Amino acid sequence: MSEIVANGIRLHVQHLNAVPTAQRNEPPVVFLHGLGMDNMASFYYTVAGAVAKTGAEAVLYDLRGHGDSERTRTGYAMEDSVADLTGLLDALEIRVPVHLIGNSYGGTIALDFAVVNPARVASMVLIEAHFNVDGWAAQIAAERERVAGVVAEMGEENLQAWIRRFGRKVVKMMDALTDLANHTSFYPDLTQARPIPVDRLRALTCPIRAVYGESSDVPDYARQLADLLPTASLTVVPGVGHSVLMDATPVVRRIVVDWLAAQRRSSCPS
C-alpha cells in the first residue's frame, strides 16, 4: 500500500505488477469503486487479484473521501473525480491508454474520464454504471432523501444499535460515511453534477462492456445502452441486482479477465 498525492490530495493506492514507465508496453488496468461505504477493497478481493495473476499491471485506489484516502471538506463534483484520476495517472507516469473497470459510481467516473480524455482510454468495463446524463443528479437527490427518511423513521438510537450488530469494522465505515455525507460538500456536489452531452457519449469509440444485474435498481441504463453507447456490448447477470460485483463475483471476474485477454489479443499484430 502507498499514498500518492494527486490533484493536490492524498490518495491511498495499490499498484500491482508495477511496470517502469520506459518499459510499459501494455495498457494498465485501473479499478474505480463505488460511492459511500465502498472502497478499493471491493475490487481487491473480487476481481483485481485474478487480473494481476494474468501478469497485468493493475492500479486500485480509494476515491477522495473514501477508504484511507484524504477526506477533503470540498471537491466531490464529477470534475474533481476526473481530475483526481488524471492526476493519479500522471503521478504514476502512466502515459499509455488504460483499461478502466468501474463499479457503480466508478463506472460513471470512467465514462466522464473517457469523454474528456478519449486518447487515454483503451477500453472500459462498466459494472452497474450510472450515466451522468440529464436526470442523474435528480436521482442522487431523491435517493438521499429516501435514505434520510429511513434513518429518521428508524431513530438515531435504533440506527446506532443496528449498526453495532455488524462489528467494529462496519461501525468505522459508517462513521466515515456519516462524516462524508454530513460534513463535506459530497451530496451538494453530486446533486449539482453537470450532465454529459449525450452526443459526446455516443461519440466514444473505445471498446466497452457493460454488466448489469437482472434485478438492478439502476434506472433503465441497461435498456438505454444501445442509444447512449452504441459500441458497447451488454451482459445481464441473472438473479442479482445492483450489487452484482459482490453477489456474482465469479461471473464478473470471468467477464473482466476474458475481456482484458480479448483486448490484448486484438491489439497484437496478426
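By the grid rule applied to this predicted model, the count comes to one cavity of 30 Å³ or more. A cavity is defined on a 1 Å grid over the protein atoms alone as a set of points where a 1.4 Å probe fits but cannot get out, while a pocket is an open set with protein on both sides within 12 Å along at least five of seven lines; lining residues have an atom within 4 Å of a point. Grid points are joined across faces, edges and corners, and a volume is the space filled by probe spheres set on the points. This is a predicted model in which local features need pLDDT of at least 70 and side-chain atom pairs count only at pLDDT 80 or more, whereas totals for chains, interfaces and linings use all residues. Residues are numbered from 1 along each chain as its sequence is written, and side-chain values use heavy atoms, with hydrogens and water left out.

The largest cavity has a volume of about 70 Å³. Its lining consists of Leu35, Leu63, Arg64, His66, Tyr76, Ser81, Asp84, Tyr105, Phe186 and Leu190. At least two of these lining residues come from each of α2 and α7; helices (H or I, at least four residues) and strands (E, at least two) are DSSP runs numbered from the N terminus.

The two pockets listed below are open spaces.

| Pocket | Volume | Lining | Largest share of lining |
|---|---|---|---|
| Largest | about 1,700 Å³ | 48 residues | α4, twelve residues |
| Second largest | about 500 Å³ | 21 residues | α6, five residues |

Gly36, Glu143, Val147, Leu177 and Tyr187 lie nearest the centre of the largest pocket. Two or more residues of that lining are given by each of α1 (41–53), α4 (136–154), α5 (156–164), α6 (168–183), α7 (186–190) and α10 (244–247). By class, the lining of the largest pocket holds 28 nonpolar, 13 polar and seven charged residues, where Ala, Val, Leu, Ile, Met, Phe, Trp, Tyr, Cys and Pro count as nonpolar, Asp, Glu, Lys and Arg as charged, and the others, Gly among them, as polar. In the second largest pocket, the residues nearest the centre are Asn39, Gly67, Asp68, Lys169 and Met173, and α1 and α6 each supply at least two lining residues.

The sheet is open and mixed in pairing, with eight strands in the order β1-β2-β4-β3-β5-β6-β7-β8; two strands pair if DSSP finds at least two bridges between them. Because β1 (2–6) and β8 (232–237) stand at the edges with a single partner strand each, one side of each is left without a neighbour in the sheet. From one strand to the next, the twist averages 25 degrees. Strands β5 (residues 98–103) and β6 (residues 121–127) run parallel and are joined by six bridges; glycine 102 has leucine 126 of β6 as its bridge partner.

Helix α3 (residues 105–116) packs on the sheet and touches β3, β5 and β6, its direction making about 155 degrees with that of β6. Contact means heavy atoms within 4.5 Å; axes are lines fitted to C-alpha atoms, for helices over the stretch in contact, and angles run from 0 to 180 degrees between N-to-C directions.

The axes of α1 and helix α11 (residues 249–267) come within 9 Å and cross at roughly 35 degrees. Thr46, Val47, Ala50 and Val51 of α1 meet Thr249, Val252, Arg253, Val256, Val257 and Leu260 of α11 in this contact.
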